[in-house]
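Have the model open and ready to rotate. Let's take a walk through it, from the inside to the outside.

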Amino acid sequence: MANDYGPLRLSGVNYLGDLPTLVAMKEGLFQAHGLDITVNHSASGKQNLRALRNGETDLALMATTPLVLDLLEAPHTGEATDPLILASLVYSSRLNHVVALADGGIQRPEDLTNRRIGLMAGTNAEFLWWLFTSVHHIDADTVSVVDLPVEALPDALVAGNIDAAVLWEPWTSRLSHRVNGELTLLPGSDIYIENWVLVSTRKLVEQRPDALRRLLSAYKESIALIEASPDRAMATYIDHAGLEAPVTLTGRDLPLFGLSLNWSLLTALMETSQWANETTEVSIDEPPNPLSWIAPGPLHDIMPLAIGIPLPSAIDRPQTP
């Protein structure tokens, strides 16, 4: 298929939830759909969103937490740089973990009282920690939260500078290998259901809708390959992440992948907005409208049944050429 468009820049994350991007790269699916895409991988969606805002990338993958915090601080004004969600790629509770070293005396959530928890603020880890303390009735004031980049958390835990951490893959597996499997994943970490979203800008949505349809079609094929061969897909991730044997991850550990824009995403956006208003420095003057943060047109054009949210007027949507 000929390349009808100029190059695009996509920022992914070294993260199990971003496996569809890896598979699409390995299988040449972006190119097969006529797209010239340069992909880079960062440590977090928070970094990707910053790159999108700074004009350093055209497309960014992230959890909803950094996006909601950004949008509440800088509400949409109709500008070309407004970030807009194109699709959710993941709906899963398997991706994030509250962990501690097995010999550290922390086996249950209540053991975290008067301890130090490390996490990367402004990411889904911070939202998970809030949910974790709420569900397990932990007095957050009795726990010291240490804000560190995710890549620094394993060193801090091993050095004893923190007592527990909120991690995601591949950092959980890397740490487990480093401590010979002597790592405790605290029960109840699966309370957080994550939506992993693909985000672009209003300018790209308005000016290059067909390119976005081709991009989403490539992701659709990638997810189908993951579903057909989960162990092979996990092997792709293990190789990309540089995980050393023995690795306990198998195809059974994969999250639920699938392109969608539905009520679970809207619920996540509203819950995160409420959390931000109640527990962070963000102040909301008016209730947010998460529908205004979503551009459903490209996904609707290729997978109309994947849309489970109200659609804007056809007059307001970019039209299919």
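What follows is a tour of a strand, some aromatic rings, a set of salt bridges and a bit of surface. Keep in mind that this is a predicted model.

Let's begin with strand β5, which covers residues 96–101. How many of its 6 residues are buried? The count is 6 of 6, so to speak a mostly covered strand. In a regular strand the side chains alternate between the two faces of the sheet. Here, Asn96, Val98 and Ala100 sit on one side, His97, Val99 and Leu101 sit on the other, and both sets are buried.

Now look at the partners of β5. It runs antiparallel to β8, and 4 bridges join the two. If you want a spot to zoom in on, Val98 stands opposite Val166 of β8. Strand β9 (residues 183–185) also pairs with β5 in the antiparallel sense, this time over 3 bridges. Over there, Leu101 faces Leu183 of β9.

Strand β8 (residues 164–168) also takes us to the aromatics, as it contains Trp168. The structure has 6 aromatic pairs, and one of them is Tyr15 with Trp168. A pair of aromatic rings is described by the distance of the centres and the angle of the planes. For Tyr15 and Trp168 the centres are 6.2 Å apart and the planes stand at 75 degrees, so this is an edge-to-face pair. Tyr15 belongs to the loop between β1 (8–13) and α1 (19–26), so its contact with Trp168 ties together parts that are 153 residues apart in sequence. Are these two residues buried or exposed? Tyr15 counts as buried because its relative accessibility is 2%, and Trp168 is buried too, at 4%. Add Trp196, and Tyr15, Trp168 and Trp196 make one aromatic cluster.

Another ring has a charge for company: the charged end of Arg174 sits over Trp171, 4.6 Å from the centre of the ring.

On to the salt bridges, of which the whole structure has 12. One of them joins Glu27 to Arg232, with the closest N and O atoms 3.2 Å apart. This pair links distant parts of the chain, 205 residues apart: Glu27 is in the loop between α1 and α2 (29–32), and Arg232 is in helix α10. Glu27 is partly exposed at 34% relative accessible area, while Arg232 is exposed at 52%.

In another, Arg178 and Asp155 have their closest N and O atoms 2.5 Å apart. Arg178 comes from helix α7 (residues 171–178) and Asp155 from helix α6 (residues 153–158), so the bridge ties together parts 23 residues apart in sequence. Arg178 is partly exposed at 44%, and Asp155 is partly exposed at 45%.

Asp111 and Arg108 also meet through their side chains, at 3.6 Å from N to O. Asp111 is buried, because its relative accessible area is 19% and the cut-off for buried is under 20%. Arg108, at 46%, is partly exposed. There is a network as well: salt bridges link Asp210, Arg213, Arg214 and Asp301.

Finally, the outside. Tyr91, Ile193 and Leu256 make a nonpolar surface patch of about 280 Å². Tyr91 is part of strand β4 (residues 83–92) and is partly exposed, at 40% relative accessibility. Our last stop is Ala245, in the loop between α10 (230–241) and β11 (257–260). Ala245 is exposed, at 66% relative accessible area. From C-alpha to C-alpha, Ala245 is 14 Å from Thr172, with their positions 73 residues apart in sequence.

Definitions and conventions
Residues are numbered from 1 along each chain as its sequence is written. This is a predicted model: local features need pLDDT of at least 70, side-chain atom pairs count only at pLDDT 80 or more; totals for chains, interfaces and linings use all residues. Side-chain values use heavy atoms; hydrogens and water are left out. Patches are made of residues with over 30% relative accessible area and no salt bridge: like charges are joined within 9 Å, nonpolar side chains (Val, Leu, Ile, Met, Phe, Trp, Tyr) within 5 Å. Accessible areas come from the Shrake-Rupley method with a 1.4 Å probe; for residues, only the protein chains shown count as cover. A salt bridge is a side-chain nitrogen of Lys or Arg within 4 Å of a carboxyl oxygen of Asp or Glu. Buried means under 20% relative accessible area, exposed over 50%, partly exposed in between (1.4 Å probe, protein chains only). Rings of Phe, Tyr and Trp (its six-membered ring) pair if their centres lie within 6.5 Å; planes under 30 degrees apart count as stacked, over 60 as edge-to-face and the rest as tilted. A charge sits over a ring if NZ of Lys or CZ of Arg is within 6 Å of the ring centre and within 35 degrees of the ring normal. Two strands pair if DSSP finds at least two bridges between them.
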